[in-house]
Amino acid sequence: MTQNFTLTLSCPQRPGIVHAVSSFLFSRGCDIAEHQQFDDTRSQAFFLRTKFICNDDNTDVARLTEDFGAVAAEFGMEFRFVDTELPRVLVMVSKMGHCLNDLIFRWRAGTLGGELVAVVTNHETLRPMAEAAGLPFVHIPVTPATKPEAEAELLALVDTLDADLVVLARYMQVLSDEACQALRGRAINIHHSFLPGFKGAKPYHQAFDRGVKLVGATAHYVTPDLDEGPIIEQEVIRIDHSFDPARLATVGQDAEALALSRAVRWHCENRVLLHGHRTVVFS
């Protein structure tokens, strides 16, 4: 039976890495279907993503990981093998539904790259949208006094649902440092790209008052540094003087939905490798 796997890795730059990987796969009768690599000459780091096919029924992620250990040790690699099982995605929202609606559409169309498993929210507003899609809707109210308990409930739910990725799809609550650390590398946030300018309420009104000519959005990994995590994707749309605040907000929502869906898909397809405060994205 044919099986598909993906290998991602990073290590110090040196000759022989690609040869070692391809030789390892060839020795096990695997056929490379897709290969991408990047040499960061500034930091002397190497990054690789290889998708391959195996015909051995006895090959699985655990066996590949164990067998590859010697190669990884020789080159100082951080690596990961994954199979074709779709990652499980938990979505967090508040009252704005444009990103959730887009994620649901792409999930139903089979183009999201992951499997939506639940919607978690601090408001009841989007219950009809989630339930219409057949998704469990979990309401976890948050106040300053109950925030620790609410986050504990969230993290417990992530474990219970075996969620691989948490997506903050316009979830208007700041996660604590502890929650950010618990979800490190597996939580994605989206925000408008006016930051660090136009902070606080009504950013599109502020942008209108300043006569901006570009509207955008940034999807990034969640870190304790608010809205400053490693960037995965950005979308920019040019506008002009005729755009009022309402139209600006509509364009901004389009940008947010596009940037977030790409970031989620690339993460789910194991195309994103963390590199300090940056990412390498094999899109």
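Hi everyone, this is a short walk through one predicted model, from its strands to its empty spaces.

A word on ground rules before we start. Residues are numbered from 1 along each chain as its sequence is written, and side-chain values use heavy atoms, with hydrogens and water left out. Because the model is predicted, local features need pLDDT of at least 70 and side-chain atom pairs count only at pLDDT 80 or more, while totals for chains, interfaces and linings use all residues.

Let's begin with the record. UniProt, in an unreviewed entry, places the feature "domain: ACT" at residues 6-91. Positions from UniProt are in the numbering used here, feature names are shortened, and annotations may be inferred rather than shown by experiment. Over residues 6-91 the chain is 29% helix and 42% strand, with the end C-alpha atoms 25 Å apart. When I say helix I mean a DSSP run of H or I with at least four residues, and a strand is a run of E with at least two, both numbered from the N terminus.

The other record item is D227, where UniProt places the feature "active site", again from an unreviewed entry. D227 is found in the loop between β10 (214-221) and β11 (231-238). Is D227 buried, partly exposed or exposed? Its relative accessible area is 27%, so D227 is partly exposed; buried means under 20%, exposed over 50%, and partly exposed in between, using a 1.4 Å probe and protein chains only.

Now to the strands. V89 sits in strand β5 (residues 88-93), and at 1% relative accessibility V89 counts as buried. V89 and V119 are 30 residues apart in sequence, yet C-alpha to C-alpha they are 9.2 Å apart in space. β5 and β6 run parallel and are joined by 6 bridges; two strands pair if DSSP finds at least two bridges between them. M92 has V120, in β6, as its bridge partner. Strand β6 (residues 115-121) has 6 of its 7 residues buried, so it is largely enclosed by the rest of the structure.

β9 (residues 187-192) is another case: 6 of its 6 residues are buried, so it too is largely enclosed by the rest of the structure. Strand β8 (residues 165-168) pairs with β9 in the parallel sense over 3 bridges, and V167 has I188 in β9 as its bridge partner.

On either side of β8 there are two backbone details for you to look at. Most residues other than glycine have a negative phi. D162, in the loop between α6 and β8, has a positive phi of about 55 degrees although it is not a glycine. R170, in the loop between β8 and α7 (177-182), also has a positive phi, near 70 degrees. Which of them is exposed and which is buried? D162 counts as exposed, at 51% relative accessibility, whereas R170 counts as buried, at 12%.

Next, the empty spaces. A probe the size of a water molecule, rolled over the atoms, shows where empty space is left. On a 1 Å grid over the protein atoms alone, a cavity is a set of points where a 1.4 Å probe fits but cannot get out; a pocket is an open set with protein on both sides within 12 Å along at least five of seven lines; and lining residues have an atom within 4 Å of a point. Grid points are joined across faces, edges and corners, and a volume is the space filled by probe spheres set on the points.

There is 1 cavity of 30 Å³ or more, and its volume is about 90 Å³. M92 and V120, the bridge partners from earlier, are among its lining residues. Helix α6 (residues 147-160) gives the most to this lining, with 4 residues.

The largest pocket has a volume of about 1,100 Å³. Of its 38 lining residues, R80, V82, H267, C268 and N270 lie nearest the centre. β1 gives the most to that lining, with 7 residues.

N270 comes just after α9 and takes a positive phi of about 55 degrees.

Finally, β12 and strand β13 (residues 278-281) pair in the antiparallel sense over 4 bridges. They form a hairpin with 2 residues between them, and G276 in the turn has a positive phi of about 65 degrees. L273 has V280 in β13 as its bridge partner.

Thanks for listening!
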